[in-house]
Amino acid sequence: MPHSLAARARTRFPFSQWSLRRRAAFYTAAATLLVGAAAPPVPTAEGIGDRLFPYLGNPGFHVLAYDIALDYHGNDKPLDAVTTIRAEAGDWLDHFNLDFTHGTVRSVEVNGVPADFRPVQEDLVVTPAMTLPARGQFTVRVRHTSDPRGAGDGGWVTTSDGLVMANQADAAHRIFPGSDHPSEKARFTFHVTAPKELTVVANGLPAGQVTKGAETTWTYRTTHPMATELAQISIGRSVTPHRSGPRGLAVRDVVPAAEQQRLEKWTAKTPDQIAWMEKHVGQFPFETYGVLMADASTGFELETQTLSLFERALFTRTDIPDWYLESIMVHELAHQWFGDSVSPRMWSDLWLNEGHATWYEALYADERGGRKFTDRMRTAYEYSDAMRADGGPPAVPKGPAPGRKVSIFRPVVYDGSAVVLYALREKIGAAAFEKLERQWVAAHRDSTASTADFIALASRVAHQDLTAFLHAWLYDQATPPMPGHPDWKPTKKPA
C-alpha cells in the first residue's frame, strides 16, 4: 500500500530533534575525537522507498526549483548542460544524493563552493565542503552533459529534426540531475541554446529569446510546480500556432513546419476540448496548454505538463476514426488535472492518473459517436479479473518487467481503474461523484495525493464510510460485484 502522508513526511523531512542522521554525525564526531579520523562512509544509492522504484527521489532535502541550461549540438551529440537546483534541507546534511545517469558530470558546486561527487548506480552522491544546516536552503550547480544517444528506457527521444522528452516513469534523471519522483514537485526554468533556424519550446510560458550569431537561446518558465517526469523540451524545425482557449487561456501547439496546414484540423480542436473538460471538473489548472506533434516513434502519447506529446504519424493515418483520435487527445488533456496538477504520492497511486484519464476519454468518445460508455465499462468489468492477474490490483500494480520501466502501464491502470470509478459512481450516485471529482482536483491542486486521500474525500462527499467498499475494489485480487448490475460477470478470457 502507498506510504501514509506522515510516513512520507518523515522520509523527506526527518525533523526530529535527534534523527538517525544527526545521531550518526554525533557519534562519528565523538569517535574522531577519541581515536582519530574515521574512514568516510562508502557512497550508496538512496531513494525515498517507493514500492515500484525504490531508488527514485532522495531523502533529507526537498527541491524547490530547477534552472536547467542546455546547449544543443545535434540530436546525435551530447548536450552541454548546467543544472542549478535550489533546495531545502530537512536535517543536517554531510552528503546528499541526486538522481542522475547517462551523462558525464564535470563539476559540482554547493553554495558556490566546489564539492566532491561520485556516481553510484543511477545516483550522484555529493559531499559539500561544509555540512549543510537543518531547515536551511542551499544551491547545487552541476555542470554535466546530457546524452541523447544510445538505447535507453526513456529520456531524450530523437526526432527527424531534433529532440523531445519522454521521462515517464523513471527517466528524467537520464537528462538532468535532480530528485526524480512525482512527489518532488518544483518550479522549472529552461534555457536552451540551439541553431537559430530551429524552434525550441518547453513547459510553461516563454520568458525571453536572444539570438547571437548563428544561435538562439530560448527561455521558458513554469508558474506552477511540476514533477520531473512531466518535463518537456522540443527542439526542431517546428512552428507554434497560437489560439485562445476558455477565458483567454493561451493555447499554443508545436507541429512540424512542413505539415502545419495538414495538422490544423486536429490542433484546432483543443480549445473546445478544454471547455468540455472544464464542464466536468472545473477550470484548467495551468498557465497554458497545447499539443506537441513530434516526428518520433515512441509507441505512446504522454501528458507532459502544459504540452502533451503525440506522435505526428497518429494524425496523418487514414485508418483511425476521428472520434477515437479526439478521445486520445482528451485522455492526455485530462491528465493535466489528474496526474499533473494532482500528482501521485507514490507510483502505486498511478491508477488515480490513468483511471481518471481513461474515464474522461471514454465519456468523450461516447459523446462523439464512438463506443458507448456503459459498454466499455461492462467490458472492462468482465475482463477485470484477468487484468488484475496480469498487472495486480489497481492500487497495488506489479513492478516493471526487467529493462522495461514503462511496463507498469498495464491495462489494469487504465480500463481496470476506470471501472473502479464506475463502481463508485454507481454506489454514491452521479451527483455525488461529480462533486467528488471537482473537489478532488481543487483540494490537491499543485500538490500530490494518495489513494488513502481519495478514499477519505469520497467518504466525506458521499456522507458514508467507503473505506471497505473502495479497499476491495482497489486492493483485492478478485473484482467485487458491480453495484446495480447483478448481471455483469467477470470472464476468464485474457484482457
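Visitor: What gives the most to the lining of the second largest pocket?

Guide: That's α5, with four residues. Before we go on, this is a predicted model: local features need pLDDT of at least 70, side-chain atom pairs count only at pLDDT 80 or more, and totals for chains, interfaces and linings use all residues. Residues are numbered from 1 along each chain as its sequence is written, and side-chain values use heavy atoms, with hydrogens and water left out.

Visitor: What makes something a pocket?

Guide: On a 1 Å grid over the protein atoms alone, a pocket is an open set of points with protein on both sides within 12 Å along at least five of seven lines. Lining residues have an atom within 4 Å of a point. Points are joined across faces, edges and corners, and the volume is the space filled by probe spheres set on them. For the second largest pocket, that comes to about 510 Å³. Of its 19 lining residues, Phe 300, Glu 301, His 331, Glu 332 and Tyr 414 are the closest to its centre. Two elements, α5 (322-334) and α6, give two or more residues to that lining.

Visitor: How does that lining divide into nonpolar, polar and charged residues?

Guide: Seven are nonpolar, five polar and seven charged. The rule is that Ala, Val, Leu, Ile, Met, Phe, Trp, Tyr, Cys and Pro count as nonpolar, Asp, Glu, Lys and Arg as charged, and the others, Gly among them, as polar.

Visitor: And what makes a cavity?

Guide: A cavity is a set of points where a 1.4 Å probe fits but cannot get out. The structure has one of 30 Å³ or more, and the largest has a volume of about 50 Å³. Its lining includes Phe 338, Gly 339, His 356 and Trp 440. Both β23 (342-344) and α6 (350-367) supply at least two of the lining residues. The split here is six nonpolar, four polar and no charged.

Visitor: How do you know how far α6 should reach?

Guide: The expected span is 1.5 Å times one less than the number of residues. With 18 residues, α6 reaches 26 Å from its first C-alpha to its last, close to the 26 Å expected. By the way, helices (H or I, at least four residues) and strands (E, at least two) are DSSP runs, numbered from the N terminus.

Visitor: Why is α6 called mostly covered?

Guide: Buried means under 20% relative accessible area, exposed means over 50%, and partly exposed is in between (1.4 Å probe, protein chains only). In α6, 16 of the 18 residues are buried. Just after α6, Gly 369 takes a positive phi of about 90°.

Visitor: How do you know that β2 and β8 pair?

Guide: Two strands pair if DSSP finds at least two bridges between them. Ten bridges join β2 (residues 79-89) to β8 (residues 137-146), so they count as a pair. They run antiparallel, and Val 82 has Arg 143 as its bridge partner in β8. Over in β1 (residues 61-71), seven bridges lead to β11 (residues 187-195), and those two run parallel.

Visitor: In which order do the eight strands of the open sheet lie?

Guide: The order is β5-β4-β8-β2-β1-β11-β14-β13, with mixed pairing. What makes β5 (113-114) and β13 (205-212) the edge strands is that each pairs on one side only.

Visitor: How many aromatic pairs are there?

Guide: There are 26. Take Tyr 66 and Phe 176, whose ring centres are 5.7 Å apart with planes at 70°.

Visitor: Why is that pair called edge-to-face?

Guide: Rings of Phe, Tyr and Trp (its six-membered ring) pair if their centres lie within 6.5 Å; planes under 30 degrees apart are stacked, over 60 edge-to-face, and the rest tilted. At 5.7 Å the two rings pair, and at 70° they are edge-to-face. Tyr 66 sits in strand β1 and Phe 176 in the loop between β10 and β11, so the pair ties together parts 110 residues apart in sequence.

Visitor: Is Tyr 66 buried or exposed?

Guide: Buried, at a relative accessible area of 2%. Phe 176 is buried too, with 2%. Phe 310 and Phe 315 also pair edge-to-face, at 5.6 Å centre to centre and 70° between the planes. Phe 310 has 2% relative accessibility, so it counts as buried, and at 5% Phe 315 does as well.
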